[in-house]
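Trainee: I am new to this structure and should like to learn how to read it. May we go through it one feature at a time?

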Amino acid sequence: MKEQLEAIQAEALERISQTEDMKELQDIKVAYLGKKGSLTGVLRGMGKLSKEERPVVGEIANKVREVITTAFDGKSEKLEMARLEQQLEAEAIDVTLPGRPVKVGGPHLLTSIVEELEDLFIGMGYEVREGPEVETDFFNFEALNLPKDHPARDMQDTFYITNELLLRTHTSPVQARTMREYKGEKPVKMICPGKVYRRDTDDATHSHQFTQIEGLYVDKNVRMSDLKGTLDTFAKKMFGEEREIRLRPSFFPFTEPSVEMDISCKVCNGAGCNVCKGTGWIEILGGGMVHPKVLEMGGYDPEVYSGFAFGMGPERIAMLKYGVNDIRQFYTNDIRFLKQYHKA
Ligand code: DAH
């Protein structure tokens, strides 16, 4: 029986050392130490042994069991380590590889232009205000000296929501709102950027929705020359120190006198080319001295206060500054167009 046990041990150790497979290793364990295993089988036969032999064989059998168990545990650990190692290698992340570039967005060209204009006017002492895009007929028209049925209302084809509510056609209503808020008691110096809406058919130069920046300065002794100086500063900062401006007489119901401002064409420097249609000048904005009626409706005494106002279109400014030839480019979000204007 002793030889039998030794043979079992030798065979088991040999098989354990040969295998490289965890499943097979488990099977080997069962084959020797399991309920129907060969070692268990031998131990069962111990009943037939004499009293003297039993403890001796029992001790050997226990030793064999121990040796096989130790060998099994050792091999099991080795195989598990090898498996882990393999897995780690297979799933390894190379942290030294260069990172994949991530596409970073930037402000829209219009946003950049509006921010540039805001900075410019804040530098001249203006505050930045906002007003509602759904506006009343009163603020959009009447408070700006455009009573109902005034023919100049035709200049701005309007989206009406009800008889009294509309989508604002310009940012000028914020003039009236600000004056009323300031109750005729203190000077007003504000700009208002924002979206405006017109019932226009979209094409290269028209959009049913676009942006404007309104400007209003009301104080004692504000003169036309203040308007001219302000617009000159704006033109030179925005389009270059070499630019000249000129004011042409025009008409807006909310200003008297009214002007339109041109800048000298930067393509031909005033000589005349196809950009300025041969005139040497390019129209930029409208403005003028605030009409006494508008001051009065805003709560300012026109005998004491005077002011100037202006309104410009950031799309037009961006188009002229960067040579964009279709206003729809600002709204169709072609990434190839937009990313040309991303500042790093
Ligand atoms: N609101 C005018 C428009 O949309 C632009 C404008 C002209 C605004 C003259 C003004 C102004 O404040 O004084 O066409």
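Mentor: Let us begin with burial. Aspartate 137 has a relative accessibility of 1%, so this residue counts as buried, the cut-off being under 20%. Please bear in mind throughout that the model is predicted.

Trainee: Which residue forms a salt bridge with aspartate 137?

Mentor: The general idea is to look for a side-chain nitrogen of Lys or Arg within 4 Å of a carboxyl oxygen of Asp or Glu. Here the partner of aspartate 137 is lysine 148, and their closest N and O atoms are 3.5 Å apart. Aspartate 137 belongs to helix 6 (residues 137-140), whereas lysine 148 sits in the loop between helix 6 and strand 3 (165-167), so the pair ties together parts that are eleven residues apart in sequence. Lysine 148 is partly exposed, with a relative accessible area of 39%.

Trainee: With which residue does glutamate 142 form a salt bridge?

Mentor: Glutamate 142 also pairs with lysine 148, with the closest N and O atoms 3.0 Å apart. Glutamate 142 is partly exposed at 26% relative accessibility. Through shared partners, salt bridges join Asp137, Glu142, Lys148, Arg153 and Glu164 into one network.

Trainee: How many salt bridges does the structure hold?

Mentor: There are 20 salt bridges in the structure. One of them links arginine 129 to glutamate 127, where the closest N and O atoms are 3.8 Å apart. In that pair, arginine 129 is buried at a relative accessible area of 14%, while glutamate 127 is partly exposed at 28%.

Trainee: I should now like to turn to the ligand. How many residues surround it?

Mentor: One reads a binding site by listing the surrounding residues and then examining individual contacts. In this case 16 residues surround the ligand, and the closest are His170, Gln175, Arg198, Gln212 and Glu214. By class, this shell has four nonpolar, ten polar and two charged residues.

Trainee: Which atoms of the ligand lie 2.9 Å from polar side-chain atoms of histidine 170 and glutamine 212?

Mentor: For histidine 170, a nitrogen atom of the ligand is 2.9 Å from an N or O atom of the side chain. For glutamine 212, an oxygen atom of the ligand lies 2.9 Å from a polar side-chain atom. The backbone can take part as well: a polar backbone atom of phenylalanine 310 is 3.4 Å from an oxygen atom of the ligand. Of the 350 Å² of accessible area that the ligand has on its own, the protein covers 91%. Strand 5 (209-219), strand 8 (281-290) and strand 9 (306-312) are the elements that give two or more residues to the shell.

Trainee: Is helix 7 to be read as enclosed or open, and why?

Mentor: To judge a helix, one counts its buried residues. Helix 7 (residues 173-182) has seven of its ten residues buried, so this helix is largely enclosed by the rest of the structure. The buried residues are Pro173, Val174, Gln175, Ala176, Thr178, Met179 and Tyr182. Just after helix 7, lysine 183 adopts a positive phi of about 55°.

Trainee: In which sense do strand 6 and strand 7 pair?

Mentor: When two strands are paired, one notes their sense, their bridges and the connection between them. Strand 6 (residues 245-252) and strand 7 (residues 255-264) pair in the antiparallel sense over seven bridges. A hairpin of two residues joins strand 6 to strand 7. Across this pairing, serine 250 stands opposite serine 258 of strand 7. Strand 7 also contains proline 257, and the peptide bond leading to proline 257 from glutamate 256 is cis, with omega near -5°.

Trainee: Which backbone angles deserve a final look?

Mentor: One may look for positive phi values in residues other than glycine. Asparagine 221 has a positive phi of about 65° although it is not a glycine. Asparagine 221 lies in the loop between strand 5 and helix 8 (224-239).

Trainee: Is asparagine 221 buried or exposed?

Mentor: Asparagine 221 is exposed, with a relative accessible area of 63%. Asparagine 333 likewise has a positive phi, near 55°. Asparagine 333 is found in the loop between helix 10 (314-322) and helix 11 (335-338).

Methods:
Residues are numbered from 1 along each chain as its sequence is written. This is a predicted model: local features need pLDDT of at least 70, side-chain atom pairs count only at pLDDT 80 or more; totals for chains, interfaces and linings use all residues. Side-chain values use heavy atoms; hydrogens and water are left out. Two strands pair if DSSP finds at least two bridges between them. Helices (H or I, at least four residues) and strands (E, at least two) are DSSP runs, numbered from the N terminus. Buried means under 20% relative accessible area, exposed over 50%, partly exposed in between (1.4 Å probe, protein chains only). A residue is near a molecule or strand if one of its heavy atoms lies within 4 Å of it. A polar contact is a pair of N or O atoms within 3.5 Å; within protein, one must be able to donate a hydrogen and the other to accept it, and residues adjacent in sequence count only if both atoms are side-chain atoms. Accessible areas come from the Shrake-Rupley method with a 1.4 Å probe; for residues, only the protein chains shown count as cover. Ala, Val, Leu, Ile, Met, Phe, Trp, Tyr, Cys and Pro count as nonpolar, Asp, Glu, Lys and Arg as charged, and the others, Gly among them, as polar.
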